[in-house]
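This report is written for a reader who has not met the structure before. Please look over the sequence and the model before reading on.

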Amino acid sequence: MMDRKQIDFDESDRNLFQVDDARLRADALKHSILPRLHAVMNECVSAIRRIYDIEVLDDSIVSYYPHFRPKRERELTLLYDSSYVALGGKRLPRWAGVKRKDGKPVKFLPFRLGLILTEDGLSLLMEHYWLKGLSNDSYEKLFQFHLDFEGLTHSLCYLSKMRPRLYFDATIAPIATFREMYLYMIRKRLFDNTFVSQGAEAYPISRAAIDTLVWRYALFFPIYDSYIRIAKAEPVRFLDLIAKANRWLMEDAEGGNSDSTEGRSSSREDVILRAKEAAETRVKVMPAIRWQVFQRDQWKCVSCGRGSQHDAILHVDHIIPRSKGGSDALDNYQTLCDVCNIGKGNRDNTDLRVK
Ligand SMILES: [Zn+2]
């Protein structure tokens, strides 16, 4: 059984990206958004374990953005236009299968397979965005993988609704296959090869939509795994993983792996650019009541005191329920963690605040 928390992202999460108060946005990302994204990533990791029997954290770590450093005031100059969690290669003395342009060993592996939340919604992406310095040989090795397994990688992209952001040039026939595109890119030494999912899951992002994203993520994993294996100078186990994915798809066929409708396609740059524009043109919007309640309660459960550092997922709770005449005023709300919220159950009128 997957550890499946009751997680969704609603209009008040979207509201966060429109709020003008940088400190509130920083706190909300840290204490409310990232813990939930982290929980979704944990589900992705469990799904990978279940489908492929791979302990993905042997080679990868979970990274996230924004990272919060002690220099608090500097943080506040960030736009906070997006937030993500991703699997990325661990820091090692060296990744023997790839080299940098300057010949120095590669210690950080730049590939990341993650989930990104913006004002538009939640999407998947795989990128090697922040390290451009691999040698041409190394890039060619990675591209060769796509040439060797073109049909199968294409199928995984289709299932996961991921699209490589291949170099496009008007002189190439628009009906070129991936294979032709990769060959062209090798010839021209254009090695940008990020993948972005087609269309974000738009708000409100339901639990069911997140389940769909989790299996789309898990189905795309063999491509990420192949990059990792190439970077470790080990043979790819792509066909083996595809066989396992197939078995899982057959067994799970009636398990509700329903397709959602195709959204518009977009590159990572488009996703980020739109988020930045939205952040820059931010108009003054009142923080949703949820953010006001969390802020007043200092981003901690009023009952047990747990917060993001304890992996708590925070909820806003009506102290006196609406059905009993409770108001929608700020003082009729309290912050509870997922555990205390369930514990409260239907006992009405339970003000759990420490008086
Ligand atoms: Zn609690």
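The sections below deal with the largest pocket, the cavities and one helix of this predicted model.

## The largest pocket

The largest pocket has a volume of about 340 Å³. It is lined by 16 residues, and the closest to its centre are L34, P35, H38, S308 and D311. By character, the lining divides into six nonpolar, five polar and five charged residues.

Helix α2 (residues 22-52) supplies eight residues, the largest share of this lining. The pocket lies between domain 1 (11-280) and domain 2 (289-344), because both domains give residues to its lining.

## The cavities

The structure holds two cavities of 30 Å³ or more. For the second largest cavity, the volume is about 40 Å³.

The residues that line the second largest cavity are F111, H128, Y139, L142, F143, F191, N193 and Y227. Helix α4 gives three residues to this lining, the largest share. Six residues of the lining are nonpolar and two are polar, with no charged residue.

## Helix α6

Helix α6 covers residues 178-188, and its buried residues are M181, Y182, Y184, M185 and I186. Among the elements that cover these buried residues are α4 (136-148), β5 (162-164) and β6 (195-197). Helix α4 therefore appears twice in this report: it helps to cover the buried residues of α6, and it contributes to the lining of the second largest cavity.

After α6 comes R189, which has a positive phi, near 55 degrees.

Notes:
Residues are numbered from 1 along each chain as its sequence is written. This is a predicted model: local features need pLDDT of at least 70, side-chain atom pairs count only at pLDDT 80 or more; totals for chains, interfaces and linings use all residues. Side-chain values use heavy atoms; hydrogens and water are left out. Buried means under 20% relative accessible area, exposed over 50%, partly exposed in between (1.4 Å probe, protein chains only). Helices (H or I, at least four residues) and strands (E, at least two) are DSSP runs, numbered from the N terminus. Contact means heavy atoms within 4.5 Å. On a 1 Å grid over the protein atoms alone, a cavity is a set of points where a 1.4 Å probe fits but cannot get out, and a pocket is an open set with protein on both sides within 12 Å along at least five of seven lines; lining residues have an atom within 4 Å of a point. Grid points are joined across faces, edges and corners, and a volume is the space filled by probe spheres set on the points. Ala, Val, Leu, Ile, Met, Phe, Trp, Tyr, Cys and Pro count as nonpolar, Asp, Glu, Lys and Arg as charged, and the others, Gly among them, as polar. Domain bounds come from an automatic or database domain assignment.
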